[in-house]
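I opened this entry to look up how aromatic rings are arranged in the model and what surrounds one leucine. My notes follow in the order in which I looked things up.

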Amino acid sequence: MSEKKLQSIRGIHDGLPAEVARWQRVEQAARKVFGCYAFSEVRMPVLEPTELFVRSIGEATDIVSKEMYAFTDQGGDQICLRPEGTAGAVRAWLQGGLTRSGTQRWYYIGPMFRRERPQKGRLRQFQQIGVEMFSAAGPIEDAEVLAMAHAFLSELGIPGLNIEINSLGCGACRPGYREKLTSYLQQRAGKLCETCNERIVRNPMRVLDCKVQSCQQELTDAPEMVAHLCDGCDDHFTGVQKGLDALAIPYRVNPRIVRGLDYYNRTAFEIVTDKLGSQGTVLAGGRYDGLVQELGGPATPAIGFAAGLERLAMLLDDVPLATPDVAVVVLGEEALGYSLAQADVMRKAGLSVVHCGGGSAKRQFKVADRELVRFVVAVGEDEMQAGVVTLKEMQNGEQQRLPVSEVVTVIKGQLL
């Protein structure tokens with residue numbers, strides 16, 4: 001009986017070189033654009049106390065009740081693999097004693113974990129780029145965060161993007177709206193899906209976001225939060241739109257954007273594309289003014305967004321893999337040590353070098369061809385004695401013998 005072939009866990013994939021090249025392209029764009037907006041990178045732990053997400057996300061949410069990887073460790077502590085980044089960022093901000101340090105602008109890149117049904121671009125271990133801005137008081141900050149998100153995706157050249165915004169109200173105006181919405185939904189409960197019926201009790205606003213077509217048909221005249229805003233929320237939402245207009249950033253108001261987590265209020269937004277089918281959101285976020293206080297800190301206005309790195313990478317054109325600049329071929333065992341030393345000199349000068357390992361010249365040149373190098377540096381006993389190398393340009397076959405001191409200069413000149 002043959003042994004079972006080992007595979008990665010379902011929904012948890014390897015990142016092989018071709019895919020990592022795409023990820024790096026996304027990460028480079030994020031660091032470039034976010035840096036222009038004075039955001040700094042932070043790195044937070046993958047393991048967090050389970051209570052952090054129960055208190056912040058909400059115990060009744062799908063993430064906490066169905067998807068979170070939570071367990072008791074050997075010491076009896078309740079811990080989990082982080083399912084999202086915002087709650088951990090708030091914890092880090094509070095634990096770091098930064099509540100009186102003025103506006104903090106953070107971004108992070110790293111893995112998140114949710115045990116949900118794997119689908120196109122959505123995995124159980126997925127990478128996320130997140131942004132958090134603490135002490136962001138007004139609509140101007142919201143507009144600038146949205147502008148940064150737009151600039152980030154524009155830097156990646158992702159086509160067919162649409163910005164959609166909404167207001168989720170606040171603690172003053174949302175309870176009244178929730179009551180009206182719940183009454184409306186209860187009258188149609190028999191025609192809504194099972195998930196929607198569960199949400200009527202737990203989080204009725206989430207029903208508006210249902211992707212089931214028959215449910216959407218029943219919700220065509222559902223009451224909308226934007227029509228029930230208090231004066232403060234209405235002024236804030238108007239200010240966000242004025243800011244986007246001033247920046248000439250196209251958007252549309254979508255009253256059905258509700259966000260899935262309990263801590264969001266006022267501004268909520270998504271950036272969607274038609275290139276990923278019905279689940280086309282590539283970046284989403286919003287304001288969460290009450291979360292810091294919920295987790296034990298002072299009342300602090302804040303806003304953020306997150307984007308799945310894998311889903312963004314799927315929308316990019318092919319990113320060419322980096323290939324070595326030089327392959328070193330050694331002709332004869334006597335020159336092996338000398339060849340290793342020459343490879344080391346070139347690497348220290350900043351070139352990417354692969355050593356072909358010795359053996360027959362034919363095999364080594366096959367290695368150089370497979371590596372797609374532009375140059376081969378060949379060394380044998382004669383070259384070693386003379387303190388030179390033979391430099392061959394693979395595209396045209398031209399060869400020249402050069403002193404070791406000149407090799408790097410010539411190669412770098414040709415690579416420019």
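I began with the ring cluster, and in this predicted model I found that ring pairs link F34, Y107, F152, F269 and F305. I then looked up the number of aromatic pairs in the structure, which is six. The first pair I noted was F34 with Y107, which is edge-to-face, with 5.3 Å from centre to centre and 65° between the planes. Because F34 lies in helix α1 (residues 17–36) and Y107 in strand β5 (residues 104–113), this pair ties together parts that are 73 residues apart in sequence.

I next asked myself whether these two residues are buried or exposed. F34 has a relative accessible area of 0% and is buried, and Y107, at 6% relative accessibility, also counts as buried, since the cut-off for buried is under 20%.

I went on to F34 and F305, whose ring centres are 6.1 Å apart with the planes at 70°, so I noted this pair as edge-to-face. F305 belongs to strand β11 (residues 302–308) and F34 to helix α1, so the pair ties together parts that are 271 residues apart in sequence. I also wrote down that F305 is buried, as F34 is.

Lastly I turned to L312, which lies in helix α11 (residues 309–314) and counts as buried because its relative accessibility is 0%. Leaving aside neighbours within four places in sequence, I found L312 in contact with V26, F152, L153, L156, I158, V282 and A307. Between L312 and W23 I noted 289 residues in sequence, but 8.4 Å in space from C-alpha to C-alpha.

Notes
Residues are numbered from 1 along each chain as its sequence is written. This is a predicted model: local features need pLDDT of at least 70, side-chain atom pairs count only at pLDDT 80 or more; totals for chains, interfaces and linings use all residues. Side-chain values use heavy atoms; hydrogens and water are left out. Helices (H or I, at least four residues) and strands (E, at least two) are DSSP runs, numbered from the N terminus. Buried means under 20% relative accessible area, exposed over 50%, partly exposed in between (1.4 Å probe, protein chains only). Contact means heavy atoms within 4.5 Å. Rings of Phe, Tyr and Trp (its six-membered ring) pair if their centres lie within 6.5 Å; planes under 30 degrees apart count as stacked, over 60 as edge-to-face and the rest as tilted.
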